Every structure is written in C-alpha cells, then in structure tokens.
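Grab a pencil and let's work through a protein model together. Each exercise gives you a task, and then we solve it step by step.

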Amino acid sequence: MFFRLLKEGFIFAFNSVIVNKLRTFLSLFGITIGIFSIISVFTVLDWMQKSIHDSISSLGDNVIYASKWPWGLNTNLNWWDIIKYPAVSSSDYQAVLNKSTKTAAASFTVTQPEQIKFKKNLASDVNVWAVTADFDNIRSFEIANGRYFSPEEVASGKNVAVVGAVLAERLFDKADPLGKLITIAGKRSSVIGVFKKEGKGGIGDNGMDEEK
C-alpha cells in the first residue's frame, strides 16, 4: 500500500509538472533568481568588508590622525562650528615631538590639489602631499620603482617627488619617470620614485595611485 501510494504520488507530481510547464518554469526561475540574489548580496558585503578593512589597515591600526576636518559624514558637529577651529600647524607637530614620550613616529603633512605637467602632458587636480620625516613609518605603502625621500632631502626641502602609479602612466606613458623634471604649481621637481599601484579602496579613495 505504501509503495503504491508513493508511486501514484510521484506520477501525479510528474504529470503536474508536464501539464503546467509554464508554472513550473516560473517557479524554478523565481527560486533561481532568489538564490542568485542572496549569493550576490553576501558576495558584495564580503568584498566591501575586505576592502574597508584593507583601506583602514593601510592607514595604520595604531596611528592617530589629527585634523581640523572630520573624516566621516556621520557627525553631530556643524560645519559653521568646524570652520572656526584652528588648523593643525607645524608648532603642533613640534609639540608632539618634544612632549610625547609614547609616540614612535610623527609626521606633519599638507595636502593641496595642483596641476602637474611634464612636457605637453598635464594632470589636473592631483593631490600633492608635502610631508616631513617619518611619513613612511606612518602611512603603509610600497615603492615600485626608485626610492623614497632621504632624511636630508626632507630636512632641506629639496624639490624631489615620489609619484603615484596612475599619475606616472598619465604623465610619462611608458617612459621611465626616474630623473624626469615635472612642474608643480610653477616649480620644478625631480622624480625619484614611483609608488606601487594600490587600486581603489573600500572607502572611496584611490590610495596613493594618483598622488604626488
């Protein structure tokens, strides 16, 4: 009796599938779309989590950044109050060097968008970083070609530059950037290095790829 009922149930189900082909197709199609959507959502979330983690890790997990402007959009501060705050100055940097007993490294940085030229090639709105010593001990990056600034070059303010990988491609195409003279805000600097390409981060930045 049990096997007969099982056989009849199977035949009934099979006949229903054959007779209602469209309904069966739509049901299977809906299930497939649902499974694919769930997998896609979890894949995107995993990618975002990894990208954000990698981006934050590049900034350093034991680094404190002091800035006039907040980094995030989710803040209870009003911009008209923030604009009244004094900018972080070189004297603040010196105070950290002189008074902090726990700081392993400290660096003062100024960032300004500028145009950079090499012969007829022009790159606009490039973030130009002016940094003091120890920046390489605070911000994680790799040099793909050439070298980083020496302490003597930083102390003397010598016009030398390390450029991002994308910026190097835009300015020099396939030519070797090392030793080339680029013009930044009307002043010439010699390229001594190229950052290793990092790609886009999870928090909307391009790393050091288009920086100088």
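Below are five exercises on this predicted model, each with a worked solution.

**Exercise 1. Getting an overview**

Task: Find out how many helices and strands the chain has, and in what order the elements run.

Solution:
- Step 1: Count the elements, and you get six helices and six strands.
- Step 2: Now walk along from the N terminus, where the order reads α-α-α-α-β-β-β-α-β-α-β-β.
- Step 3: Check how much is covered: of the 212 residues, 22% count as buried.
- Step 4: Look at the outside too. The chain exposes about 15,600 Å², and carbon and sulfur atoms supply 60% of that area.

**Exercise 2. A patch on helix 2**

Task: Decide whether Trp47 is buried or exposed, and say which surface patch includes Trp47.

Solution:
- Step 1: Locate Trp47, and you'll land in helix 2, which covers residues 21–59.
- Step 2: Its relative accessible area is 55%. The cut-off for exposed is over 50%, so Trp47 is exposed.
- Step 3: Look for its partners in the patch. Ile38, Val41, Phe42, Val44, Leu45, Trp47 and Met48 form a nonpolar patch on the surface.
- Step 4: Together, these residues have about 720 Å² of accessible area.

**Exercise 3. Under cover: helix 6**

Task: Work out which residues of helix 6 are buried and what covers them.

Solution:
- Step 1: Six of the eight residues in helix 6 are buried, which leaves the helix mostly covered.
- Step 2: Name them: Ala165, Val166, Leu167, Ala168, Leu171 and Phe172.
- Step 3: Now see what lies over these residues. The cover includes strand 1, strand 2, strand 4, strand 5 and strand 6.
- Step 4: Move just past the end of helix 6, and you meet Asp173, whose phi is positive, near 55 degrees.

**Exercise 4. Inside the cores**

Task: Find which members of the largest nonpolar core touch the most other members, and which element gives the largest share.

Solution:
- Step 1: This core has 15 residues, and the ones touching the most other members are Ile116, Val163, Leu167, Leu171, Phe172 and Ile182.
- Step 2: Several elements give two or more residues to this core, including strand 1 (109–118), helix 6 (165–172) and strand 5 (181–184).
- Step 3: Helix 6 gives the largest share, with four residues.
- Step 4: There's also a second, separate core of eight residues, and its members include Tyr148, Val160, Ile192 and Phe195.

**Exercise 5. Pairs with opposite charges**

Task: Which residues form the salt bridges, and how exposed are the partners?

Solution:
- Step 1: Start with the idea. Side chains of opposite charge can pair when their charged atoms come close.
- Step 2: Count the bridges, and you find two.
- Step 3: In one of them, the side chains of Glu142 and Lys196 meet, at 3.7 Å from N to O. This pair links distant parts of the chain, with the two residues 54 apart.
- Step 4: Glu142 has a relative accessible area of 48%, so it's partly exposed. Lys196, at 41%, is also partly exposed.
- Step 5: The other bridge joins Glu153 and Arg147, whose closest N and O atoms are 2.7 Å apart.
- Step 6: Buried means under 20%, so Glu153 counts as buried at 10%, whereas Arg147 is partly exposed at 39%.
- Step 7: Finish with the surroundings: Glu153 sits in helix 5 (residues 151–156), and the residues it touches include Tyr148, Val160 and Ile192.

Key: Residues are numbered from 1 along each chain as its sequence is written. This is a predicted model: local features need pLDDT of at least 70, side-chain atom pairs count only at pLDDT 80 or more; totals for chains, interfaces and linings use all residues. Side-chain values use heavy atoms; hydrogens and water are left out. Patches are made of residues with over 30% relative accessible area and no salt bridge: like charges are joined within 9 Å, nonpolar side chains (Val, Leu, Ile, Met, Phe, Trp, Tyr) within 5 Å. Accessible areas come from the Shrake-Rupley method with a 1.4 Å probe; for residues, only the protein chains shown count as cover. A salt bridge is a side-chain nitrogen of Lys or Arg within 4 Å of a carboxyl oxygen of Asp or Glu. Buried means under 20% relative accessible area, exposed over 50%, partly exposed in between (1.4 Å probe, protein chains only). Contact means heavy atoms within 4.5 Å. A nonpolar core is a set of buried Ala, Val, Leu, Ile, Met, Phe, Trp, Tyr and Cys residues joined through side-chain atoms within 4.5 Å. Lists of a residue's contacts leave out its neighbours within four places in sequence.
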